[in-house]
Amino acid sequence: MSETPPAPESNSSSDAEFIIRVQEKISAISDHDWAKLSGASKTESSIPYNPFISHDFLSALETSGCAIRDTGWLGQHLVLEDNKGTIHGVVPGYIKSHSQGEYVFDHAWADAYERAGGRYYPKYQASVPFTPATGPRLLVSNSVNVDAERAALAQAITQLTQQLNLSSAHVTFGEEADIAALKATGFLHRMDQQFHFRNDNYATYDDFLGTLASRKRKNLKKERANALQNGITIEWLTGSDITEEVMDAFYVFYEDTGERKWGRPYLNRQFYSLIADTMADDILLIMAKRDGQYIAGAINFIGGDTLYGRHWGCTENHPFLHFEVCYHQAIDFAIERGLKYVEAGAQGEHKLARGYMPTITHSAHYLPNESFSRAVADYLEHERAEVAHFGTILSDHSPFKKSRNA
């Protein structure tokens, strides 16, 4: 399946002729070629660097055995080339035998499809496994033909879905340019909501607090003070500070949370060693310590303009410590580093009171079965309206002064 290219694609909007190839492993694509794609490089990209679509991160998922055929993530990465073999784009994609680790829930769709006599799995998933963070999904070069490149990649997803007789294709947590290209190719548009912090050029955390209503400001000050009672201290660890011993401590926290949320963790210990070895400067561990021992921690990833919060865990329960480690400290770091945003993961209305505002996320879905597609399209139309309405209600209850919300 790794070498079954569809026919070459021509695009009338340019003179370029594209060829699509399919690779099972990220490692089959060179670091050098990957670094030329938007969002994948700190230096060569036209958009802010996104650590989750880096060659190092995606390779670590496969090398560690977290995202492979045996775990239901068979790599089917689409590679867009010209007739000289130069890579113009990539889609990190997988054939999935389940819907776990995606964070855009389609279990009800699968149930309806199979009740009607169809077979929903396998399906195609263009995403970063186990990572609900918005980023490029149709990774393209920095050439003048980006629109044609995105269009060719979007068309390639539909072709692969049809050729392999898959029920559907899903592109989750995509950026708006990707979603527009996919909609133009016949994908359905889905919206959801997360909570993100926006750094309005604050010099300090107190500057941020100054934008809040008085009662909200007092509540957060009290919450932060209470979180650090009982002799708890906080450490920021990045780069060479991230040793194997530190990762051992963090993995205990992650494993405990993973077992409670998913039955077993999605990520194994080897994965964390791999990313600590290859991308330590992109990692921020916020670790809580008491009596000389780590008792809680959260892992974050540092992008070009965004801090991405991912996993948290603890071995001791202390009031408000989760909020301090995951949300307040992340804001502190973003302000100190001059990062524009903090994305603190999926869901969580409790983030609103801590300055994280409702933000729309996007996905796109291709359903070849026409009757099924019509039913889902009707559902999504209503769902989009509800998501937008709920976001408006939440924004009206933000902690910010009314002048900020105006």
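Aspartate 147 and arginine 150 sit 3 residues apart in helix H4, about one turn of the helix. That pair is our warm-up. Before you start: this is a predicted model, where local features need pLDDT of at least 70 and side-chain atom pairs count only at pLDDT 80 or more, while totals for chains, interfaces and linings use all residues. Numbering runs from 1 along each chain as its sequence is written, and side-chain values use heavy atoms, with hydrogens and water left out.

**Exercise 1. Find what joins the side chains of aspartate 147 and arginine 150, and which residue in helix H5 also pairs with arginine 150.**

Step 1. Get the terms straight. Helices (H or I, at least four residues) and strands (E, at least two) are DSSP runs, numbered from the N terminus. A salt bridge needs a side-chain nitrogen of Lys or Arg within 4 Å of a carboxyl oxygen of Asp or Glu.

Step 2. Check the spacing. An α-helix has 3.6 residues a turn, so residues three or four places apart point the same way.

Step 3. Check the distance. Aspartate 147 and arginine 150 meet in a salt bridge, at 4.0 Å from N to O.

Step 4. Look for the other partner. Aspartate 178 also forms a salt bridge with arginine 150, with the closest N and O atoms 3.3 Å apart. Aspartate 178 is in helix H5 (residues 176–184) and arginine 150 in H4, so this pair ties together parts 28 residues apart in sequence.

Step 5. Add burial (buried is under 20% relative accessible area, exposed over 50%, partly exposed in between, with a 1.4 Å probe and protein chains only). Aspartate 147 is exposed at 61%, arginine 150 is buried at 17%, and aspartate 178 is buried at 2%.

**Exercise 2. Describe helix H4 itself: how many residues does it have, and how far does it reach?**

Step 1. H4 covers residues 146–163, which is 18 residues.

Step 2. Its first and last C-alpha atoms are 25 Å apart, close to the expected 26 Å. The expected span is 1.5 Å times one less than the number of residues.

Step 3. Its buried residues include Ala148, Leu153, Ile157 and Leu160.

Step 4. After H4 comes asparagine 165, with a positive phi near 55 degrees.

**Exercise 3. Which helices does the salt bridge between arginine 269 and glutamate 244 link?**

Step 1. The closest N and O atoms of arginine 269 and glutamate 244 are 3.2 Å apart.

Step 2. Arginine 269 belongs to helix H9 and glutamate 244 to helix H8, so to speak two distant parts of the chain, 25 residues apart.

Step 3. Arginine 269 is buried at 18%, whereas glutamate 244 is partly exposed at 37%.

Step 4. For the wider tally, there are 18 salt bridges. Shared partners join Lys96, Glu102, Asp106 and Lys123 into one network.

**Exercise 4. Lysine 351 is buried: how far away is the nearest side chain of opposite charge?**

Step 1. Place the residue: lysine 351 is in the loop between strand E15 (341–346) and strand E16 (357–366).

Step 2. Count charges: Lys and Arg are positive, Asp and Glu negative, and His and the chain ends are not counted.

Step 3. The nearest opposite charge is glutamate 343, 9.4 Å away, and lysine 351 has no salt bridge.

Step 4. See what surrounds it. Leaving aside neighbours within four places in sequence, lysine 351 has contacts (heavy atoms within 4.5 Å) that include Phe195, Tyr327 and Tyr356.

**Exercise 5. Two of those contacts, Tyr327 and Tyr356, have ring partners; are the pairs stacked or tilted?**

Step 1. The rule: rings of Phe, Tyr and Trp (its six-membered ring) pair if their centres lie within 6.5 Å; planes under 30 degrees apart are stacked, over 60 edge-to-face, and the rest tilted. The count comes to 26 aromatic pairs.

Step 2. Phenylalanine 197 and tyrosine 356 have centres 6.0 Å apart and planes at 55 degrees, so they are tilted. Phenylalanine 197 is in strand E10 (residues 188–198) and tyrosine 356 in the loop between E15 and E16, so the pair ties together parts 159 residues apart in sequence.

Step 3. Phenylalanine 323 and tyrosine 327 are stacked, at 6.2 Å and 25 degrees. Both lie in helix H10 (residues 321–337), 4 residues apart, and both are buried.
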